[in-house]
Amino acid sequence: MPGASPGPGGGGDRAQTGSPHHRALRRRDRDHHPETPVTADKPAYPGWNGRIDGDRPTGDPTVQPVPEAVVARVDAADTTLSNPKTAVIALGSNIGNRLETMQGAIDALEDTPGVRVRAVSPVYETDPWGVQAGTQPRYFNAILLVRTTLPPDALLERGHAIEEAYHRVRTERWGPRTIDVDIVAYQGVRSDDPILTLPHPRAHERAFVLVPWQDVDPAAELPGHGPVAELIAAVDTSGVRHRSDVELRLPE
């Protein structure tokens, strides 16, 4: 999303820059699926390594509905946090195995002390924003609701550590990325800090953020802008396509 470098849908700049140094992150690559070679209908772009994701087929066990027992464990884990806050996090990916990388980011957030992933939206596919059509692969986008005792800057640092673990590269504006982890909102906090602007300054304009957010929280409101449902009515959602054949899961 526009701000100071690209946001989670291939378009715009980030207003959440943070520190370039982060603690080491353990990647959790469950159920690894190798990437598949690029095909004629998936164009390459300059500097791309010629490979794109092998998105999980409908029959893959990881795309089945979340068992009630898993939801119950997540609810129970949430009670172990002391005075947690609710944060909205946007994920986006358009290089490599998009679904697997996004699932790895979700698992890594759950691995973080003081963070519990409470809800995961459906997956949406969008065209890159701010670049010529056909020059980059399409994005997968999703929204997470988390409960956390981390302050916003620490949560941002964790997001950057996850990006680095998945080799996120920031060499060009609106460039492609393996994973983008952005804080959209944090417990109604308003901040003009250039390192971490809250809520995200372009969230109200981005259908690829608003549509999945409404899926996980129909009554959601974006601080300073109003109900998400009303914001959706004011933007073009035609390019936000629900991928019903793939699904991200709550961590077990």
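Me: What does contact mean here, and what covers the buried residues of H4?

Reply: Contact means heavy atoms within 4.5 Å, and what covers the buried residues of H4 includes strand E3 (85–93), strand E6 (139–148) and helix H5 (228–233). The model is predicted, so local features need pLDDT of at least 70 and side-chain atom pairs count only at pLDDT 80 or more, while totals for chains, interfaces and linings use all residues. Residues are numbered from 1 along each chain as its sequence is written, and side-chain values use heavy atoms, with hydrogens and water left out.

Me: Why is helix H4 called largely enclosed by the rest of the structure?

Reply: Buried means under 20% relative accessible area, exposed over 50% and partly exposed in between, with a 1.4 Å probe and protein chains only. Seven of the 10 residues of H4 (residues 207–216) are buried, so the helix is largely enclosed; among them are Phe-208, Leu-210 and Trp-213.

Me: What makes residues 152–165 helix H3, and how does its reach compare with the span expected?

Reply: Helices are DSSP runs of H or I with at least four residues, strands are runs of E with at least two, and both are numbered from the N terminus. H3 has 14 residues and reaches 20 Å from its first C-alpha to its last, close to the 20 Å expected, where the expected span is 1.5 Å times one less than the number of residues.

Me: Why is Arg-98 said to lie over the face of Phe-140?

Reply: A charge sits over a ring if NZ of Lys or CZ of Arg is within 6 Å of the ring centre and within 35 degrees of the ring normal; Arg-98 lies over the face of Phe-140, at 3.7 Å from the ring centre.
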